[in-house]
Amino acid sequence: MTLRPATLEDLAPIMALERASFPTDAWSEAMMREELVSPHGWYVVDDEAGRLVGYAGLRAVKSAKDADVQTITIAEASRGRGRGRAMLRALLDEAVRRGVSDVFLEVRADNPVAQALYRSEGFLEIGRKPRYYQPDDVDAVVMKLDLRGWSRQDADGGVCS
């Protein structure tokens, strides 16, 4: 697993994975391009032997104390190997570097695996948005993490904060 900052050169493989992962509500190429070039966005890709198998994005406006996890997406064949956690932690590390204190996200109510990942990193459910994901009519679970209390286990078992 190799995580690196995303660039515009990653747009085509990101969009291929976006469309495969979200067939009913994929972002447009224009939206994703704007995210990748925005000074408020920070995207990371997971590259395996030259093939993009995941991407994740954070939006943190300069000097703001809150940020949003925009997306975390992993190719179906690469799931269940800790890639989502690694990308989430990379986003949270970037939020810490930017001086953020609270991180928010929305996750599909019908995605218990993602919800469990977020809870395991300290996110708490703070609300719901009915029928947020369209056209599927799926609720969004709104979650929040207070970064001031967040810490994570590093690869050697020690705690990083």
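Where is the place of Ser63? The place of Ser63 is in the loop between E3 and E4, and one of the views below takes you there. What you see is a predicted model, where local features need pLDDT of at least 70, side-chain atom pairs count only at pLDDT 80 or more, and totals for chains, interfaces and linings use all residues. Residues are numbered from 1 along each chain as its sequence is written, and side-chain values use heavy atoms, with hydrogens and water left out.

**View 1. The whole protein chain, before zooming in.**
Four helices and nine strands make up the elements of the protein chain; both are DSSP runs numbered from the N terminus, with at least four residues for helices (H or I) and at least two for strands (E). Starting at the N terminus, the order reads β-α-α-β-β-β-α-β-α-β-β-β-β. The radius of gyration of the protein chain is 15 Å, close to the 15 Å that the globule rule gives for 161 residues, so the chain is as compact as a globular protein of that length. (That radius is taken over C-alpha atoms, and the rule is 2.2 Å times the number of residues to the power 0.38.) Along the principal axes, the C-alpha atoms fill a box of roughly 40 × 35 × 35 Å. Of the 161 residues, 42% count as buried, where buried means under 20% relative accessible area, exposed means over 50%, and partly exposed is in between (1.4 Å probe, protein chains only).

**View 2. Strands E2 and E3, with Ala49 in the turn.**
Here E2 (41–48) and E3 (51–59) run antiparallel, joined by eight bridges; two strands pair if DSSP finds at least two bridges between them. Look for Tyr43, whose bridge partner in E3 is Gly57. The two strands form a hairpin with two residues between them. Ala49 sits in the loop between E2 and E3, and its phi is near 55°, a positive value in a residue other than glycine. Is Ala49 buried or exposed? At 85% relative accessibility, Ala49 counts as exposed.

**View 3. Strands E3 and E4, with Ser63 in the loop.**
Move along to E3 and E4, which also pair up: six bridges join them, and they run antiparallel. Leu58 has Val69 as its bridge partner in E4. This hairpin has six residues between the strands, and one residue to find in it is Ser63, with a positive phi near 75°. Ser63 is not a glycine, and at 65% relative accessibility it counts as exposed. As for E3 itself, seven of its nine residues are buried, so E3 is largely enclosed by the rest of the structure.

**View 4. Ser78, in the loop after E4.**
Ser78 lies in the loop between E4 and helix H3 (83–97). Ser78 is buried, with a relative accessible area of 2%. What is Ser78 in contact with, leaving aside its neighbours within four places in sequence? The answer is Arg51, Val53 and Arg83, where contact means heavy atoms within 4.5 Å.

**View 5. Strand E5 and its pairing with E4.**
E5 covers residues 102–108, and this strand is mostly covered: five of its seven residues are buried. E4 (residues 66–74) and E5 pair in the parallel sense over three bridges. To find the pairing in the picture, start from Ala67, which stands opposite Val103 in E5.

**View 6. Asp102 and the residues around it.**
Stay with strand E5, where Asp102 lies. Is Asp102 buried or exposed? At 14% relative accessibility, Asp102 counts as buried. Leaving aside neighbours within four places in sequence, Asp102 is in contact with Lys65, Asp66, Ala67, Lys144, Leu145, Asp146 and Arg148. For a sense of scale, the C-alpha atoms of Asp102 and Ile126 are separated by 12 Å, with the two residues 24 apart along the chain.

**View 7. A cis peptide bond at Pro135.**
Which peptide bond should you look for here? The bond from Gln134 to Pro135 is cis, with omega near 15°. Pro135 lies in the loop between strand E6 (124–133) and strand E7 (138–146).
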